[in-house]
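Here are some notes for a colleague who is opening this structure for the first time. Please read them with the model in view.

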Amino acid sequence: QLHLVESGGGLVQPGGSLKLACVAGGSGMDRAHIAWFRQVPGKEREGVACINRWSDIIVYEDSVKGRFTISRDNAKNAVNLQMNRLTPKDSAVYFCMMVTNGCSGSSPLDKKWTFGPWGQGTQVTVSS
């Protein structure tokens, strides 16, 4: 089981960009399917993007398609989430997690596929 740590959040104006990083302690990130989730107070955590271990299956939640890009950086043992054209609706705490479904099948971004403990996440605030 990997220990994942999220970073890269912050305050950004609408239309701006941020790049989040999910870094694993130790080796093994290249063998894990990884998804990003986000949560705002009072709402369920929702899946945002998922990348399988081979990077040949990538899935995005509809509202972020064309704006967010998930990618691997195996040299840094990381999975990144590049977020462009941010809007206030993107404000949330963002988490990364291992998933068991390979980012495929029914409801690929459902949090039911996650395993391991949730980390502290990284706060993204989009505001003018």
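1. A residue is called buried here when its relative accessible area is under 20%. By that cut-off Cys-50 is buried, because its relative accessible area is 0%. The model is a predicted one, and the points below should be read with that in mind.

2. Which residue does Cys-50 bond to? Its partner is Cys-103, and the two sulfur atoms are 1.9 Å apart. The link is left-handed, with -70° about the S-S bond. Cys-50 belongs to strand β5, while Cys-103 sits in the loop between β9 and β10 (114-115), so the disulfide ties together parts that are 53 residues apart in sequence. Cys-103 also counts as buried, because its relative accessibility is 2%.

3. The search of the whole structure gives two disulfides. A disulfide of this kind is a covalent bond between the sulfur atoms of two cysteines. The other pair is Cys-22 and Cys-96, with 2.1 Å from S to S. About the S-S bond the angle is 75°, and this link is right-handed. Cys-22 is in strand β3 and Cys-96 in strand β9, so distant parts of the chain, 74 residues apart, are linked. Cys-22 is buried at a relative accessible area of 0%, and Cys-96 is buried at 2%. With the bonded cysteines numbered in sequence order, the pairing reads 1-3, 2-4.

4. Next, the sheet that holds β3. How many strands form this open sheet, and in what order? There are four, in the order β1-β3-β8-β7, and their pairing is antiparallel. β1 (3-7) and β7 (68-73) are the edge strands, each of them pairing on one side only. On average, neighbouring strands are turned by 20° against each other, direction ignored.

5. The bridges give the register of the strands. β1 pairs with β3 (residues 18-25) over five bridges, in the antiparallel sense. Within this pairing His-3 stands opposite Gly-25, Leu-4 has Ala-24 as its bridge partner, and Val-5 stands opposite Val-23. On to β8: β3 and β8 are joined by six bridges, again antiparallel. Here Cys-22, the disulfide partner of Cys-96, stands opposite Val-79 of β8.

6. Which residues of β1 lie on its covered face, and which on its uncovered one? Leu-4 and Glu-6 make up the covered face, and His-3, Val-5 and Ser-7 the uncovered one. In a regular strand the side chains alternate between the two faces of the sheet.

7. Glu-6 deserves a separate look. This residue of strand β1 is buried, because its relative accessible area is 9%. What does the side chain of Glu-6 reach? A polar atom of this side chain lies 3.0 Å from the backbone nitrogen of Cys-96, and the side chain also reaches the backbone nitrogen of Gly-121 at 3.1 Å. Leaving out residues up to four places away in sequence, Glu-6 touches Ala-21, Trp-36, Tyr-94, Phe-95, Cys-96, Gly-119, Gln-120, Gly-121 and Thr-122. From Glu-6 to Val-23 the C-alpha to C-alpha distance is 6.6 Å, and the two are 17 residues apart in sequence.

8. The largest nonpolar core has 28 residues, and those touching the most other members are Leu-4, Ile-34, Trp-36, Phe-68, Leu-81, Met-83 and Tyr-94. Two or more residues each come from β3, β4 (33-39), β5 (46-51), β7, β8 (78-83), β9 (92-99) and β11 (122-126). Another core lies apart from this one; it has eight residues, among them Phe-37, Cys-50, Val-59 and Leu-109. Cys-50 is thus named in that core and in the disulfide with Cys-103.

9. Met-83 can serve as an example from the largest core. Not counting residues up to four places away in sequence, Met-83 touches Gly-16, Ser-17, Leu-18, Leu-20, Arg-67, Phe-68, Tyr-94 and Val-124. Tyr-94 is also among the contacts of Glu-6.

Notes: Residues are numbered from 1 along each chain as its sequence is written. This is a predicted model: local features need pLDDT of at least 70, side-chain atom pairs count only at pLDDT 80 or more; totals for chains, interfaces and linings use all residues. Side-chain values use heavy atoms; hydrogens and water are left out. Two strands pair if DSSP finds at least two bridges between them. Axes are lines fitted to C-alpha atoms, for helices over the stretch in contact, and angles run from 0 to 180 degrees between N-to-C directions. Buried means under 20% relative accessible area, exposed over 50%, partly exposed in between (1.4 Å probe, protein chains only). Contact means heavy atoms within 4.5 Å. A polar contact is a pair of N or O atoms within 3.5 Å; within protein, one must be able to donate a hydrogen and the other to accept it, and residues adjacent in sequence count only if both atoms are side-chain atoms. A nonpolar core is a set of buried Ala, Val, Leu, Ile, Met, Phe, Trp, Tyr and Cys residues joined through side-chain atoms within 4.5 Å. A disulfide is a pair of cysteine sulfur atoms within 2.5 Å.
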